[in-house]
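Here are my notes on the model you sent over. Have it open while you read, and tell me where you would put things otherwise.

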Amino acid sequence: MTVSARGMEITLSAAAVRFGDFQAVHPTDLTIRAGEFFSILGPSGCGKTTILRLVSGFLDPSEGDVLIGGRSMRGIAPSDRPTALIFQNLALFPLMPVWENVAFGLEMRGWSKARRRARAIELLTMVALGDHADKLPSELSGGQRQRVAIARALAVEPAVLLLDEPLSALDLKLRQHMRTELKQLQRETGITFVYITHDQGEALTMSDRVAVMNAGRLVQLGTADDLYDRPANAFVATFVGETNRLTGRIDAVEGKRARIATPEGPFVAPNPAGLGVGNHAFLFLRPERLHVLTEGDSRANMLAGRLVRRDMEGAFSTLVIDTGQSHVTVHRVNGGDAPLVEGAVSLGFSQDAGVILPLGETAND
Amino acid sequence: MSGRGSGLILRVYMALFFVYMFLPLGIMVVAGFNAYSPPSVTVWQGFSLQWFGELWADERMRSGLRNSLIIAGSVIALALPMGLAGALLLGRLGARAAGLLYTLMVSPLLTPGIILGISTVIFWRNFDVAGGLFTAILAQTTFVASYAMLMFMARLQRQDATLEEAARDLGATPLQAFRRITLPFLRPTIATAAVIAFLQSFENYNTTMFAIGGQHTLVTEIGSRMRFGLSPVVNVIGILFIIATITCAVVWAILKERERGAANGASA
Amino acid sequence: MTELRRAFGAPLSALIVFLAGVWILGLIAAPQIIMIEQSFWTMQRPEGAAELSVRIDALYNRLDVLALDHAAAADDAARAAIDAERVEVQGEITALEAQESTPVKTWTLSNYAQMGQAHLAIFAKTILASLAVTAIAFVVCYPIAFAIAKLEPPRRAAMIMLALVVPYAINELLRVFAWQMILNYSGPLNAALGLVGIGPIPFLESGTGVFVAMVYAYILFMVFPLYNVLETLDTNQIEAARDLGAGPLQIHRRVVLPHARPGIAVGCIMTFMLSAGSYAVPYIMTRGTADPWFTQLVYNRFFQATNWNVGAAYALSLLVVCTGFIFVMMRLLKVRLKDIAK
């Protein structure tokens, strides 16, 4: 490994950003651990890019502070921070050959031409582009340009690498491949990665931890499993992964669970928010946690309906069930022993399969 | 971008630049309303519109204006078809021929105006045609057609080639396809090109001065007046020019704004 | 050509080729070629003109002799013979005289050689001054164009550029006229200088006026191309460079200026061409009191000295310099013609 760097911790302490009347980021406390792969996930306009610009230094917080490695970054220029930024459009310099792009930071630091070229080739070799040093960026493929941008950022030996949706321009296959590469690169270098994305797939697969943002606020912070299985609010439940949403009123509370009366029937599910009897609430059900019951099968929660559509998705099928009140989506693994479903079906799910959350903004509103 | 200090310096610098650009025009305008002649802002003899009246009564200015309009109309009528023909031709030639042709067609823009005037007069003298409105029209057409060609070329490059093919596929002859598909697509550019051609022709001095022989246009007449001392009548012409320009700019801005509004309304 | 016919059909293709042909050959190429041709010849008295005049003199003498003979002639027959000879000699004289006075077209470089020391100095001064105008315009405009394109919000930038269209669209003569007023011996500038005890300075008479007015008249031809090209620069490029440690100077040297090359080329070419080929500015600003610009010499060759061959040679010299400047700029900035003409 030729890049020697240790990641640094990043702390936002009550950091907020206002543009005139518009509160782009509400006061936010957040600690990104040294050497972790951290993602900030959210729809466009949620303030995630603003946070990235706070950390990189292109923007100063209106209130609060940003600390990197325990040091306040107030008044410190982007070039003097231990960060390097990878832009959404990569911002490779189109008129410079690849190696000059990679060596640009070193050139600015006064390295001799021979030294910086040698270093650039070393970095390019690391990202498997050693033979492309003298080409222009326009002569490379999308994935190759991506790697040039990474090499260029790594050349200045940052402790923190900031990535602003860098994969959004790539096609699906390449995007998935680059996820693996990025994750591996992060492990090898030990640099703190802060990854901005609106693509939950990217965030969930690569990150150690993910922060979900909505409308300038951090709405949940946790591992991929936390976000998917234990969403803290309606927004996260609907933004991350697919889900069915039923609306009802809580009519019984039993320990950590509650029973919610919905038009589809009464169901028991975890009640992490501790909602009391009489509260109106959402019940969220993941499609793969719903099971099509065969004769004689039973679950703690059951509902009946008619199959209206089946979409073959490869490994599984998406079934759309009309319950009479709403349409419910079910994911069903395709396999030899799973008989085809037709007509009237009965669905069931365990008492821990769903989650009851307070009413609130959802991602599809 | 750069530090706060350099940002301030840049702003002051920009403000100075604007003073530099507009103050001379302001002085010209003010002097046009001064009763004093020669035009002055240092000696004030009271607000007056008398120079407007003198301009109106000026026979040579009026005939110059008439010549300017005749020339501009003819230049539009010649330069637009020629420029369009050039642009259409370019799109249908091989790379090498197109490159050569393109160079020839833009060369008038890279040639000093007086040379265009001189060469036209020299050329036509061989046919015993002396300098006059005719040579002025031809000399101006030479470079105005280049502007038209560039504008048409830019527009044609944005045309969806399959539209014409679709028309042909549906049974249109090439002529019909051109008339029904390409020409309507070019219409906004034809209008813009006509405006640009008019301005280029109307305001031209260098080429016209050398090509027009004993005749005169409004602008060459202004030129010869200035040579023989300052007259507030020229200030008045300047005021009229400024009013016309500002009007055009404002109309343009309003149209643009309305276009944006329409686009926003459509997307909302 | 087949491609053309397939796209537009025969009649329309013919019209297109005809119109483009008239323009390119009739309006662009032919006049230039004739001008070049004209610059390489001159009308001279024919070779051997001296011998001819000797012969004509001899023939006139012969006529005189014949007249005497005629008076002394003895009879009608002799007189008729003399008359016949007189007619013949007269005819020969007419022919020779015509030959003597008809100038012959002679190929020569002498039209160019006519540019003596004085004219050559004016030629050089015109070019140097135009280069200076170009350089000043660039230095003044680059920060302006950059500030408008990259530091102002897009809508404000559009408004500023629209405002700049006003001085840009106002006739060159009127812009010059404004400066003629300002720099006049009794103008506001001298009045202002007078308040602090300087001057008055004869700006117009010293040639300074030409220079000042020229910068003013053509500076906007530098602003617009620079602005247009800088507007297309991705702001991320600047931020990326800054993030990697580049200072303001380095950002401009390595990122902004390289990107701006086509705009710099257009701006410089236009400014230089307009300055070197300017007739209005020196004509109006100097009112004949300062050294003329080269274009004025050209005008004089044509319309005062009426030596069109020399005029063509002068005009061509100017054209060669301007074309040369275009090539140098294209080479220096590594841009192609397509990047320039937009």
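The points below take the chain contacts, then chain C, then the strands of chain A.

1. First, a reminder on what we are looking at: this is a predicted model. Everything below should be read as a description of that prediction.

2. Which chains touch? Two pairs of chains do, and the pair with the most contacts is B and C. Chains A and B are not joined by any contact; their closest C-alpha atoms lie 9 Å apart. On the A side of chain C, 15 residues of chain C are in contact with 16 residues of chain A.

3. Staying with that contact between C and A, two elements of chain C each give two or more residues to the side that touches chain A: α13 (235-243) and α14 (248-276). The biggest giver is α13(C), with seven residues. As for the make-up of this side of chain C, I get six nonpolar residues, five polar and four charged. So that you have it in one place: charged residues number four there, against six nonpolar.

4. Chain C itself has 18 helices and two strands. How does its radius of gyration compare with the globule rule? The value is 32 Å, well over the 20 Å that the rule gives for 342 residues, so chain C is more spread out than a compact globule. Along the principal axes, its C-alpha atoms fill a box of roughly 120 × 75 × 30 Å.

5. The domain split of chain C is worth a look next to those numbers. Domain 1 covers 49-102 and domain 2 covers 116-340, and the C-alpha centres of the two domains of chain C lie 68 Å apart. Of the 342 residues in chain C, 41% are buried. Among contacts in chain C with a separation of 6 or more, 75% are between residues 24 or more positions apart.

6. Over to chain A, where an open sheet of four strands runs in the order β2-β1-β4-β5, with antiparallel pairing. Its edge strands are β2 (22-32) and β5 (71-72) of chain A, each of which pairs on one side only. β1(A), residues 10-19, is joined to β2(A) by seven bridges, and the two run antiparallel. If you want a register check, A:Val17 has A:Val25 in β2(A) as its bridge partner. Helix α1 of chain A (residues 48-56) packs on this sheet. The helix touches β1, β2 and β4 (63-68) of chain A, and its direction makes about 120° with that of β1(A).

7. Further along chain A, take β16 (residues 301-312) and β17 (residues 316-322), which are antiparallel and joined by six bridges. Here A:Leu307 has A:Ile321 in β17(A) as its bridge partner. The hairpin of β16(A) and β17(A) has three residues between the strands, and A:Gly314 takes a positive phi near 105° in it.

8. β17(A) is also joined to β18(A), residues 327-333, by seven bridges, and again the strands run antiparallel. A:Thr318 stands opposite A:His331 in β18(A). What is the phi of A:Gly324 in the hairpin of β17(A) and β18(A)? A:Gly324 has a positive phi, near 95°, and that hairpin has four residues between the strands.

Definitions and conventions: Residues are numbered from 1 along each chain as its sequence is written. Chains are lettered from A and ligands numbered from 1 in the order in which they are written. This is a predicted model: local features need pLDDT of at least 70, side-chain atom pairs count only at pLDDT 80 or more; totals for chains, interfaces and linings use all residues. Two residues are in contact if their C-beta atoms, placed from the backbone, lie within 7 Å. Ala, Val, Leu, Ile, Met, Phe, Trp, Tyr, Cys and Pro count as nonpolar, Asp, Glu, Lys and Arg as charged, and the others, Gly among them, as polar. Domain bounds come from an automatic or database domain assignment. The radius of gyration is taken over C-alpha atoms; the globule rule is 2.2 Å times the number of residues to the power 0.38. A residue is buried if 20 or more other C-beta atoms lie within 10 Å of its own, exposed if 12 or fewer, and partly exposed in between; C-beta atoms are placed from the backbone. Two strands pair if DSSP finds at least two bridges between them. Axes are lines fitted to C-alpha atoms, for helices over the stretch in contact, and angles run from 0 to 180 degrees between N-to-C directions.
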